[in-house]
Amino acid sequence: QVQLVESGGGLVQPGGSLRLSCAASGSIFRINDMRWYRQAPGKQRELVAAITSGGSPNYADSVKGRFTISRDNAKNTVYLQMNSLKPEDTAVYYCNADITRSITRVRVNYWGQGTQVTVSS
């Protein structure tokens with residue numbers, strides 16, 4: 001069994017910062033690409049940022065220059081540092097990862113439960 005658990009969401013004023021964390025645990029052989037998605041009310045889930053196992057990041061145009069994705073492979077954790085937050089960043093943020101399981105060596109895509117980020121004055 002593999003779990004992804006997010007933390008770090010909350011309420012922040014426009015222009016503020018938050019740091020999201022997502023820790024993977026369970027029967028893990030290797031964690032491949034890791035991603036952050038978000039879903040605002042009434043909208044489709046969208047990819048915010050992704051990072052390869054080697055640490056190469058990619059970002060949605062809407063967050064470039066404001067968000068930074070990183071990972072700590074020793075801790076099986078991915079982070080999303082969010083700066084200069086705007087009201088339109090308000091959404092539930094989900095962690096997503098491609099994980100090779102330790103026993104079967106099968107690669108499976110997993111989702112976290114989501115964490116709410118609200119940007120409002």
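**Exercise 1. Find the residue whose side chain meets that of Lys64 in a salt bridge, then decide whether this partner is buried or exposed.**

Step 1: The side chains of Lys64 and Asp61 meet in a salt bridge, at 3.2 Å from N to O. The term asks for a side-chain nitrogen of Lys or Arg within 4 Å of a carboxyl oxygen of Asp or Glu.

Step 2: Now check the surface. Asp61 has a relative accessible area of 65%, so it is exposed. Here buried means under 20% relative accessible area, exposed means over 50%, and partly exposed is in between, with a 1.4 Å probe and protein chains only.

Before you go on: this is a predicted model, where local features need pLDDT of at least 70, side-chain atom pairs count only at pLDDT 80 or more, and totals for chains, interfaces and linings use all residues. Residues are numbered from 1 along each chain as its sequence is written, and side-chain values use heavy atoms, with hydrogens and water left out.

**Exercise 2. Work out which parts of the chain the salt bridge between Asp89 and Arg66 links.**

Step 1: The Asp89 and Arg66 side chains come together at 2.7 Å, N to O.

Step 2: Asp89 sits in the loop between β8 and β9, while Arg66 sits in the loop between β6 (57-59) and β7; they are 23 residues apart, so the pair links distant parts of the chain. Strands are DSSP runs (E, at least two residues), numbered from the N terminus.

Step 3: Look at burial. Asp89 is buried at 0% relative accessible area, and Arg66 is buried too, at 10%.

**Exercise 3. Compare the two ends of the salt bridge between Asp98 and Arg107, then look for a network.**

Step 1: Asp98 and Arg107 meet through their side chains at 3.7 Å, N to O.

Step 2: Asp98 counts as buried, with 11% relative accessibility. Arg107, with 51%, counts as exposed.

Step 3: Elsewhere, salt bridges with shared partners join Arg38, Glu46, Arg66 and Asp89 into one network. The structure holds six salt bridges.

**Exercise 4. Lay out the open sheet of four strands and explain why β1 and β7 are its edges.**

Step 1: The order is β1-β3-β8-β7, and the pairing is antiparallel. Two strands pair if DSSP finds at least two bridges between them.

Step 2: β1 (2-7) and β7 (67-72) each have a single partner strand, so one side of each has no neighbour in the sheet.

Step 3: From one strand to the next, the twist averages 15°. Axes for such angles are lines fitted to C-alpha atoms, and angles run from 0 to 180 degrees between N-to-C directions.

Step 4: Zoom in on β7 and β8 (residues 77-82): six bridges join these antiparallel strands. Ser70 stands opposite Tyr79 in β8.

**Exercise 5. Identify which residues touch the most other members of the largest nonpolar core.**

Step 1: This core has 30 residues, and the ones touching the most other members are Trp36, Leu80, Met82, Tyr93 and Ile99. A nonpolar core is a set of buried Ala, Val, Leu, Ile, Met, Phe, Trp, Tyr and Cys residues joined through side-chain atoms within 4.5 Å.

Step 2: β9 gives the most to this core, with five residues.

**Exercise 6. Describe the surroundings of Cys22.**

Step 1: Cys22 lies in strand β3 and is buried, at 0% relative accessible area.

Step 2: Leaving aside neighbours within four places in sequence, its contacts (heavy atoms within 4.5 Å) include Leu4, Trp36 and Cys95.
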